[in-house]
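Visitor: I would like to learn how to read a model with two chains. Could you walk me through it?

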2 protein chains.
Amino acid sequence: MNAKDHARYETLAHVIKAMAHPTRLFLVEELSRGERCVLELTGMVRADVSTVSKHLAVLKAAAIVEGEKRGSNVYYRLKMPCVLSFFGCVENVIEASARERLGLVE
Amino acid sequence: MNAKDHARYETLAHVIKAMAHPTRLFLVEELSRGERCVLELTGMVRADVSTVSKHLAVLKAAAIVEGEKRGSNVYYRLKMPCVLSFFGCVENVIEASARERLGLVE
DNA sequence: TGGCGATTTGGCTATAATGCCAAATGTACA
DNA sequence: TGTACATTTGGCATTATAGCCAAATCGCCA
(Lines give C-alpha, C1' and ligand atoms only; values in the text may rest on other atoms or scores of the structure.)
Protein backbone atom coordinates (compact mmCIF):
# COMPACT_ATOMS: atom_id res chain seq x y z
CA MET A 1 0.00 0.00 0.00
CA ASN A 2 1.60 3.26 -1.12
CA ALA A 3 1.14 6.73 0.31
CA LYS A 4 -1.68 7.67 -2.03
CA ASP A 5 -3.65 4.55 -1.23
CA HIS A 6 -3.01 5.12 2.43
CA ALA A 7 -4.46 8.62 2.20
CA ARG A 8 -7.51 7.25 0.42
CA TYR A 9 -8.17 4.72 3.15
CA GLU A 10 -7.65 7.40 5.78
CA THR A 11 -10.34 9.50 4.16
CA LEU A 12 -12.72 6.59 3.74
CA ALA A 13 -12.20 5.60 7.35
CA HIS A 14 -12.86 9.13 8.50
CA VAL A 15 -16.32 9.10 6.97
CA ILE A 16 -17.16 5.60 8.15
CA LYS A 17 -15.90 6.37 11.63
CA ALA A 18 -18.35 9.23 11.74
CA MET A 19 -21.13 6.67 11.39
CA ALA A 20 -19.65 4.23 13.87
CA HIS A 21 -21.59 5.25 16.94
CA PRO A 22 -25.07 4.20 18.08
CA THR A 23 -26.28 7.72 18.71
CA ARG A 24 -24.96 9.00 15.42
CA LEU A 25 -26.60 6.14 13.56
CA PHE A 26 -29.84 7.06 15.22
CA LEU A 27 -29.38 10.69 14.21
CA VAL A 28 -28.73 9.71 10.61
CA GLU A 29 -31.80 7.54 10.46
CA GLU A 30 -33.95 10.15 12.13
CA LEU A 31 -32.71 12.88 9.80
CA SER A 32 -33.55 10.67 6.86
CA ARG A 33 -37.17 11.36 7.75
CA GLY A 34 -36.69 15.09 7.53
CA GLU A 35 -34.83 17.99 9.03
CA ARG A 36 -34.69 18.34 12.80
CA CYS A 37 -33.22 20.89 15.15
CA VAL A 38 -30.81 20.01 17.95
CA LEU A 39 -33.33 20.13 20.75
CA GLU A 40 -35.77 17.92 18.89
CA LEU A 41 -33.05 15.35 18.40
CA THR A 42 -31.90 15.67 21.98
CA GLY A 43 -35.41 14.86 23.14
CA MET A 44 -35.19 11.51 21.38
CA VAL A 45 -31.86 10.50 22.83
CA ARG A 46 -30.57 9.82 26.31
CA ALA A 47 -27.78 12.37 26.28
CA ASP A 48 -26.94 15.96 27.02
CA VAL A 49 -27.63 18.66 24.44
CA SER A 50 -23.94 19.38 24.20
CA THR A 51 -23.26 15.73 23.49
CA VAL A 52 -25.81 15.66 20.70
CA SER A 53 -24.41 18.86 19.29
CA LYS A 54 -20.96 17.31 19.20
CA HIS A 55 -22.26 14.18 17.50
CA LEU A 56 -23.88 16.36 14.87
CA ALA A 57 -20.59 18.20 14.45
CA VAL A 58 -18.86 14.90 13.76
CA LEU A 59 -21.42 13.98 11.11
CA LYS A 60 -21.14 17.45 9.62
CA ALA A 61 -17.34 17.30 9.48
CA ALA A 62 -17.72 14.09 7.51
CA ALA A 63 -20.16 15.84 5.16
CA ILE A 64 -22.89 13.36 6.00
CA VAL A 65 -25.28 15.98 7.32
CA GLU A 66 -25.58 19.71 6.96
CA GLY A 67 -27.09 22.29 9.23
CA GLU A 68 -28.96 25.43 8.36
CA LYS A 69 -29.48 28.16 10.88
CA ARG A 70 -32.95 29.60 10.89
CA GLY A 71 -33.66 31.97 13.70
CA SER A 72 -32.03 30.72 16.82
CA ASN A 73 -32.37 27.11 15.73
CA VAL A 74 -30.09 25.02 13.58
CA TYR A 75 -31.93 22.55 11.40
CA TYR A 76 -29.93 19.53 10.39
CA ARG A 77 -30.65 17.36 7.43
CA LEU A 78 -29.17 14.31 5.81
CA LYS A 79 -26.91 15.35 2.99
CA MET A 80 -25.87 11.91 1.81
CA PRO A 81 -28.90 9.62 1.88
CA CYS A 82 -26.81 6.88 0.31
CA VAL A 83 -25.38 6.14 3.73
CA LEU A 84 -28.76 4.65 4.58
CA SER A 85 -27.81 1.74 2.36
CA PHE A 86 -25.35 0.83 5.11
CA PHE A 87 -28.20 -0.12 7.36
CA GLY A 88 -29.59 -2.79 5.11
CA CYS A 89 -26.22 -4.31 4.42
CA VAL A 90 -25.18 -4.29 8.04
CA GLU A 91 -28.44 -5.83 9.10
CA ASN A 92 -27.75 -8.64 6.66
CA VAL A 93 -24.38 -9.14 8.30
CA ILE A 94 -26.01 -9.29 11.70
CA GLU A 95 -28.73 -11.70 10.64
CA ALA A 96 -26.24 -13.96 8.96
CA SER A 97 -24.03 -14.15 12.01
CA ALA A 98 -27.01 -14.72 14.29
CA ARG A 99 -28.22 -17.52 12.06
CA GLU A 100 -24.77 -19.00 12.12
CA ARG A 101 -24.56 -18.93 15.89
CA LEU A 102 -28.01 -20.43 16.34
CA GLY A 103 -27.82 -23.09 13.67
CA LEU A 104 -24.22 -23.88 14.49
CA VAL A 105 -23.41 -23.86 10.82
CA GLU A 106 -19.71 -24.22 10.38
CA MET B 1 -35.37 5.88 21.58
CA ASN B 2 -36.34 2.85 23.67
CA ALA B 3 -34.15 0.02 24.92
CA LYS B 4 -34.80 -2.22 21.93
CA ASP B 5 -33.90 0.49 19.44
CA HIS B 6 -30.84 1.30 21.46
CA ALA B 7 -29.69 -2.31 21.28
CA ARG B 8 -30.24 -2.29 17.53
CA TYR B 9 -28.09 0.80 17.08
CA GLU B 10 -25.44 -0.71 19.32
CA THR B 11 -25.25 -3.75 17.09
CA LEU B 12 -25.23 -1.72 13.89
CA ALA B 13 -22.49 0.49 15.29
CA HIS B 14 -20.44 -2.54 16.25
CA VAL B 15 -20.31 -3.73 12.67
CA ILE B 16 -19.68 -0.32 11.20
CA LYS B 17 -16.97 0.37 13.77
CA ALA B 18 -15.23 -2.76 12.59
CA MET B 19 -14.89 -1.10 9.18
CA ALA B 20 -13.88 2.28 10.55
CA HIS B 21 -10.14 1.92 10.26
CA PRO B 22 -7.87 2.55 7.27
CA THR B 23 -6.04 -0.74 7.56
CA ARG B 24 -9.22 -2.74 7.97
CA LEU B 25 -10.76 -1.05 4.95
CA PHE B 26 -7.72 -2.04 2.99
CA LEU B 27 -8.02 -5.61 4.22
CA VAL B 28 -11.67 -5.75 3.21
CA GLU B 29 -10.95 -4.43 -0.24
CA GLU B 30 -8.01 -6.75 -0.70
CA LEU B 31 -9.99 -9.76 0.46
CA SER B 32 -12.69 -8.86 -2.03
CA ARG B 33 -10.23 -9.97 -4.68
CA GLY B 34 -9.82 -13.39 -3.12
CA GLU B 35 -8.65 -15.16 -0.03
CA ARG B 36 -5.34 -14.22 1.53
CA CYS B 37 -3.35 -15.48 4.49
CA VAL B 38 -2.12 -13.23 7.28
CA LEU B 39 1.45 -12.94 6.08
CA GLU B 40 0.39 -12.04 2.56
CA LEU B 41 -1.77 -9.27 3.94
CA THR B 42 0.95 -8.13 6.31
CA GLY B 43 3.29 -7.76 3.36
CA MET B 44 0.93 -5.21 1.86
CA VAL B 45 0.55 -3.09 4.97
CA ARG B 46 2.91 -1.05 7.11
CA ALA B 47 2.22 -2.85 10.37
CA ASP B 48 3.31 -5.72 12.53
CA VAL B 49 1.91 -9.21 11.89
CA SER B 50 0.29 -9.19 15.29
CA THR B 51 -1.42 -5.93 14.46
CA VAL B 52 -2.78 -7.30 11.21
CA SER B 53 -3.93 -10.43 13.00
CA LYS B 54 -5.82 -8.31 15.49
CA HIS B 55 -7.43 -6.25 12.75
CA LEU B 56 -8.59 -9.46 11.12
CA ALA B 57 -9.96 -10.61 14.46
CA VAL B 58 -12.01 -7.42 14.67
CA LEU B 59 -13.44 -8.00 11.20
CA LYS B 60 -14.12 -11.61 12.06
CA ALA B 61 -15.90 -10.72 15.29
CA ALA B 62 -18.16 -8.49 13.23
CA ALA B 63 -18.82 -11.38 10.85
CA ILE B 64 -17.43 -9.40 7.93
CA VAL B 65 -14.69 -11.89 7.13
CA GLU B 66 -14.05 -15.51 7.95
CA GLY B 67 -10.87 -17.46 8.25
CA GLU B 68 -10.12 -21.02 7.29
CA LYS B 69 -7.11 -22.82 8.61
CA ARG B 70 -5.26 -24.85 6.02
CA GLY B 71 -1.96 -26.23 7.13
CA SER B 72 -0.19 -23.68 9.24
CA ASN B 73 -1.83 -20.80 7.42
CA VAL B 74 -5.16 -19.14 8.00
CA TYR B 75 -6.81 -17.97 4.83
CA TYR B 76 -9.22 -15.11 5.27
CA ARG B 77 -11.98 -14.23 2.90
CA LEU B 78 -14.70 -11.65 2.66
CA LYS B 79 -17.93 -13.06 3.98
CA MET B 80 -20.14 -10.06 3.39
CA PRO B 81 -19.28 -8.56 0.02
CA CYS B 82 -22.15 -6.12 0.41
CA VAL B 83 -19.91 -4.01 2.62
CA LEU B 84 -18.05 -3.07 -0.54
CA SER B 85 -21.02 -0.91 -1.41
CA PHE B 86 -19.85 1.35 1.41
CA PHE B 87 -16.85 2.34 -0.63
CA GLY B 88 -18.81 3.77 -3.51
CA CYS B 89 -21.16 5.65 -1.29
CA VAL B 90 -18.43 7.04 0.89
CA GLU B 91 -16.43 8.10 -2.11
CA ASN B 92 -19.46 10.04 -3.27
CA VAL B 93 -19.56 11.77 0.08
CA ILE B 94 -15.91 12.66 -0.20
CA GLU B 95 -16.20 13.93 -3.76
CA ALA B 96 -19.22 16.00 -2.91
CA SER B 97 -17.51 17.65 0.02
CA ALA B 98 -14.36 18.26 -2.00
CA ARG B 99 -16.38 19.83 -4.77
CA GLU B 100 -18.13 21.97 -2.22
CA ARG B 101 -14.91 23.21 -0.71
CA LEU B 102 -13.34 23.96 -4.07
CA GLY B 103 -16.30 25.48 -5.81
CA LEU B 104 -17.51 27.25 -2.72
CA VAL B 105 -21.00 26.10 -3.50
CA GLU B 106 -23.33 27.12 -0.72
C1' DT C 1 -30.24 46.90 25.45
C1' DG C 2 -31.34 43.16 28.62
C1' DG C 3 -32.72 38.68 29.02
C1' DC C 4 -34.19 34.18 27.24
C1' DG C 5 -33.90 30.07 24.47
C1' DA C 6 -30.93 27.44 21.26
C1' DT C 7 -26.56 25.97 20.16
C1' DT C 8 -21.71 25.50 20.42
C1' DT C 9 -17.25 25.34 22.75
C1' DG C 10 -13.85 24.47 26.54
C1' DG C 11 -12.34 21.58 29.82
C1' DC C 12 -12.08 17.59 32.32
C1' DT C 13 -12.39 12.56 33.42
C1' DA C 14 -13.29 7.92 32.14
C1' DT C 15 -13.14 4.57 28.79
C1' DA C 16 -11.82 2.41 24.48
C1' DA C 17 -8.80 1.69 20.51
C1' DT C 18 -4.18 1.18 18.45
C1' DG C 19 0.20 -0.92 17.75
C1' DC C 20 4.32 -2.72 19.13
C1' DC C 21 7.09 -6.41 21.41
C1' DA C 22 7.47 -10.71 23.55
C1' DA C 23 5.62 -14.95 24.48
C1' DA C 24 2.44 -18.72 23.57
C1' DT C 25 0.15 -21.77 20.44
C1' DG C 26 -0.35 -24.62 16.41
C1' DT C 27 1.28 -27.08 12.29
C1' DA C 28 4.41 -29.25 9.22
C1' DC C 29 8.27 -31.87 8.30
C1' DA C 30 12.98 -33.42 8.55
C1' DT D 1 11.04 -35.15 18.62
C1' DG D 2 12.96 -30.82 17.57
C1' DT D 3 13.01 -26.93 14.70
C1' DA D 4 11.09 -23.57 11.65
C1' DC D 5 7.20 -21.05 10.18
C1' DA D 6 2.41 -18.95 10.71
C1' DT D 7 -0.68 -17.09 13.70
C1' DT D 8 -2.64 -15.58 17.93
C1' DT D 9 -2.53 -13.72 22.61
C1' DG D 10 -0.91 -10.94 26.67
C1' DG D 11 0.73 -6.86 28.17
C1' DC D 12 1.78 -2.22 28.04
C1' DA D 13 2.19 2.71 26.55
C1' DT D 14 0.16 6.06 23.60
C1' DT D 15 -3.57 8.27 21.65
C1' DA D 16 -8.42 9.01 20.53
C1' DT D 17 -13.31 9.08 21.85
C1' DA D 18 -17.42 9.97 24.76
C1' DG D 19 -20.03 12.51 27.74
C1' DC D 20 -20.97 15.67 31.25
C1' DC D 21 -20.92 20.40 33.23
C1' DA D 22 -20.06 25.14 32.85
C1' DA D 23 -19.35 28.93 30.12
C1' DA D 24 -19.51 31.36 25.82
C1' DT D 25 -22.16 32.62 21.43
C1' DC D 26 -25.85 33.73 18.73
C1' DG D 27 -30.42 35.40 17.51
C1' DC D 28 -34.88 37.06 18.90
C1' DC D 29 -37.90 40.15 21.00
C1' DA D 30 -39.81 42.90 24.76
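Guide: Gladly; this is a predicted model, and we will go from the chains to a pair of helices and then to a single residue.

Visitor: How is chain B related to chain A?

Guide: The idea is to lay one copy on the other and look at the turn and the shift. Here a turn of 180 degrees with a shift of 0.0 Å along the axis lays chain B on chain A, with an RMSD of 0.0 Å. That is how a two-fold axis relates its copies. Also, 100% of the interface residues of chain B are interface residues in chain A too, so the copies meet through the same surface.

Visitor: At what angle do H2 of chain A and H1 of chain B cross?

Guide: Angles of 65 to 115 degrees count as roughly perpendicular. The axes of H2 (residues 22–31) of chain A and H1 (residues 3–19) of chain B cross at roughly 105 degrees and come within 8 Å, so H2(A) is roughly perpendicular to H1(B). By class, this contact has 7 nonpolar, no polar and 3 charged residues. Among those that meet are Leu25(A) and Phe26(A) from H2(A), and Leu12(B) and Ile16(B) from H1(B).

Visitor: And Glu30(B): is this residue buried or exposed?

Guide: Under 20% relative accessible area means buried. Glu30(B) has 7%, so Glu30(B) is buried. Its place is in helix H2 of chain B.

Visitor: Which residues is Glu30(B) in contact with, leaving aside neighbours within four places in sequence?

Guide: They are Arg36(B), Leu41(B) and Met44(B). With Arg36(B), the side chain of Glu30(B) makes a polar contact of 2.8 Å.

Technical notes. Residues are numbered from 1 along each chain as its sequence is written. Chains are lettered from A and ligands numbered from 1 in the order in which they are written. This is a predicted model: local features need pLDDT of at least 70, side-chain atom pairs count only at pLDDT 80 or more; totals for chains, interfaces and linings use all residues. Side-chain values use heavy atoms; hydrogens and water are left out. Helices (H or I, at least four residues) and strands (E, at least two) are DSSP runs, numbered from the N terminus. Buried means under 20% relative accessible area, exposed over 50%, partly exposed in between (1.4 Å probe, protein chains only). A polar contact is a pair of N or O atoms within 3.5 Å; within protein, one must be able to donate a hydrogen and the other to accept it, and residues adjacent in sequence count only if both atoms are side-chain atoms. Contact means heavy atoms within 4.5 Å. Axes are lines fitted to C-alpha atoms, for helices over the stretch in contact, and angles run from 0 to 180 degrees between N-to-C directions. Angles under 35 degrees count as roughly parallel, over 145 as roughly antiparallel, 65 to 115 as roughly perpendicular and the rest as oblique. Ala, Val, Leu, Ile, Met, Phe, Trp, Tyr, Cys and Pro count as nonpolar, Asp, Glu, Lys and Arg as charged, and the others, Gly among them, as polar. Copies are superposed by least squares on the C-alpha atoms of residues with pLDDT of at least 70 in both.
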